Amino acid sequence: MTLFLLDHGAGNVQSLANSIKRLGYPFSWITIPEDFQKATVLIFPGQGAFHTAIECLTARGLLHPLLDYVNSGKPYFGICIGMQVLFASSAESPSVRGLGIIPCDIVRFDDTDKAVPHMGWNTAECLDPPSDPRSTEGLSATSHYYFVHSYCAIYDPERNPVAAEWAHSVTQYGNEVFVSTVRQGNVFGAQFHPEKSGPAGLAILDAWIKQSLAGRVSTTAATRVPRLPKPVDGFTKRIIACMDVRANDEGDLVVTKGDQYDVREKTAPKVNAAGAVRNLGKPVALASKYFESGADELCLLNITSFRNSPLHDQPMLAVVRAAAEHVFVPLTIGGGIKDTVDPDGTKRPAVEVAGAYFRVGADKVSIGSEAVYAVEKLRAAGSVDGTSAIETISKMYGRQAVVVSIDPRRVYVDPSTYDGPYKDELVYGKDDGPMAERGKAWLYQCTVSGGRETRLVSAVELAKGAQTLGAGEILLNSIDRDGTGLGFDHDLVRMIKSAVTIPVVASSGAGTTKHFVDIFRETNVESALAAGIFHRDEVSIRDVKAALQREGFNTRVI
Ligand code: 1PR
């Protein structure tokens, strides 16, 4: 028996390939209908939007062979959209039909009590009794798995009995309980990404592949008595390590770190001369180190992307490819996700640039400057037109694959005389700014090109506009706090969290473990990111998680 992976052409299939290589199993790809004739064990790592998956499968002539394969009784493992396509339809694309093997519908999460997408680490409670060693499929009640989706099959034995019969495990998110894995006969499916779930996810892949290659697949339907599981809120706060990457003066790609976005050493050899670019290590080595020490997610930002960089010459492609071979948690890549032009004049739209990163192993792309321009355009036009990078990438790969990175700077004003734009967003916060600004209020104004240019867009306007255009997450930096170690800007985080319903990452200023505890205690932000303290080994990711656990926060521990 040979393992086959289905590549439908729209998503990050490389991560699954890397995980399986790590586990040591040989595999082949299915890219054309004829490949199905040889397939005896199949994994479909579907990603992106429901309609994109069905359209890509149809366009490549793979949809009917896939249906025939699943109906043939041979082992099938669908991941995320690879599981959702088994259902009849999805509210994500109501006019598009799924395979209908599970004859009920996928619906959108309710976002009135929580951020949507459900993005991050959560537990999965297996409903099958552990009497049959196969029944858990490697799932562990104490492990966390990485989810990223806005749509799900609700687990409700009364109102959704079909999904309940198929449910093999369930997960709680906010007030909703949904199906996190399905299992019947030869079919297994996971809503989460085992290939991005660290050692716990690799254990699931290993267990399923081993059983399937040995021919120990069940052919009979599981008989389950649907039951309401105990409510278990296993959703964790995410800790993200960020690497700002650029070429140093010798031309080597290094991880650097600035103070308020200035990444050069302050001690210049000559007066008025620029200091050397700070070098805090190599991107792939640091990414591996942070994965091993329990980072829930990694972020790689090309901070010199404001320079023109043709697609074939994107230095970060090689970095992401190499990092994805060692890192089995989500990878976000930012910088330069925009329309580019090759030296021969060939235009490369942003969706193609993003696609190149997804193919080498990125899970999300982060858009900075282009998001500001898109929101300025949205404001001028009054409605979306479908052309921005945020729109085109989220349409193709799903909202959850698009992060908007905001680089705001405080603009201090005298509140008694100020009569300019965004007056209703003035912050009368803790008086912790520079001495010269004490007693003033401030606004958060957005910048582009790594803080080099300020634009007339507030951070709130940018966050709301990004959500309208289709972003699935906000990466919220602060130029004032970056590299200072003074702690996150709580006023900024609170303001943006209340402006949007998508998840927010608090970034910039972490100096101690207490700063993480404080930001989670004082705001309802989902995750927090740091760079300098991790690079300089001042605080470890394990220290941060231990501090959070002591204070009663859920965290993923490896
Ligand atoms: O505009 O789409 O090409 O994206 C460029 C990306 O590069 C943006 O995400 C922008 O934030 C980032 N960037 C550009 N210049 C810099 C710079 O530092 N000179 N870095 C830069 C942004 C901020 C965070 C940092 C946190 C935590 N760095 O990434 O990691 O502030 O730092 P700390 O924990 O040490 O305080 P585009």
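# A walk through the model, starting at V353

Select V353 to begin: setting aside residues up to four places away in sequence, its contacts are L311, I337, K338, T340 and R348. Keep in mind as you click around that this is a predicted model.

**Stop 1: V353 and its helix**

Show the cartoon and you'll see that V353 belongs to helix α9. Is V353 buried or exposed? With 22 other C-beta atoms within 10 Å, V353 is buried, because 20 or more is the cut-off for that label. Now add G336 to the selection. Its C-alpha atom sits 8.4 Å from that of V353, although the two residues are 17 apart along the chain.

Next, select the whole of α9, residues 350–360. Which residues of this helix are buried? Color A350, V353, A354, G355, Y357, F358 and V360, and you have them. An α-helix has 3.6 residues a turn, so residues three or four places apart point the same way. Then step just past the end of α9 to G361, where phi is positive, at about 130 degrees.

**Stop 2: the two domains**

Zoom out and color the chain in two pieces: residues 3–213 for domain 1 and 238–550 for domain 2. Their centres, taken over C-alpha atoms, are 31 Å apart. How many residues of domain 1 are in contact with domain 2? There are 27, and they meet 27 residues of domain 2.

To see the domain 1 side of that meeting, select α1 (14–23), β7 (118–122), β9 (145–149) and α6 (198–213), the elements that give two or more residues to it. Helix α1 makes the largest contribution, with four residues. Color this side by class and you get 10 nonpolar, 14 polar and three charged residues.

**Stop 3: the eight-stranded sheet**

Now pick out the open sheet of eight strands, which runs in the order β2-β1-β3-β4-β13-β12-β11-β8 and has mixed pairing. Its edges are β2 (27–30) and β8 (125–126), each paired on one side only. Strands of a sheet pair through backbone hydrogen bonds, either parallel or antiparallel.

Work your way in from the β2 edge:

- β2 and β1 are parallel and share four bridges; select L5 and you'll find W29 of β2 opposite.
- β1 (residues 3–6) also pairs with β3, again parallel, through three bridges; here F4 faces L42 of β3.
- β3 (residues 41–46) runs parallel to β4 (residues 76–80), with five bridges joining them; P45 has I79 in β4 as its bridge partner.

**Stop 4: the three-stranded sheet**

Move to another open sheet, this one of three antiparallel strands in the order β22-β23-β24. At the edges are β22 (408–413) and β24 (453–458), each pairing on one side only. Look along the sheet and compare strand directions: neighbours are turned by 50 degrees against each other on average, direction ignored.

Select β23, residues 441–448, and you can trace three bridges to β24, in the antiparallel sense. One pair to click on is Q445 and its bridge partner in β24, S458.

Which helices go with these strands? Turn on α10 (residues 369–381), which lies across β23 and β24 and runs at about 45 degrees to β24. Add α12 (residues 459–469), which packs on the sheet and touches β22, β23 and β24. The direction of α12 makes about 70 degrees with that of β24.

**Stop 5: helix α13 and its cover**

Select α13, residues 490–499, and color its buried residues: H490, L492, V493, M495, I496 and K497. What covers them? The cover includes β22, β23 and α12 from the previous stop, along with β25 (473–476), β26 (504–507) and α14 (513–522).

**Stop 6: around the ligand**

Finish by centring on the ligand. Which residues come nearest? Of the 31 residues around it, these are G368, S369, S405, G450 and G532. To see where the shell comes from, show β14 (238–247), β20 (364–367) and α10, each of which supplies at least two residues. Then color the shell by class: 10 residues are nonpolar, 16 are polar and five are charged.

Conventions:
Residues numbered from 1 in each chain as written. Predicted model: local features only at pLDDT ≥ 70, side-chain atom pairs only at ≥ 80, totals over all residues. Pairing = 2+ DSSP bridges. Axes fitted to C-alpha atoms, helices over the stretch in contact; angles between N-to-C directions. Contact = placed C-beta atoms within 7 Å. Near = placed C-beta within 6 Å. Nonpolar A, V, L, I, M, F, W, Y, C, P; charged D, E, K, R; others polar. Domains from an automatic or database assignment. Buried ≥ 20, exposed ≤ 12 C-beta atoms within 10 Å, placed from the backbone.
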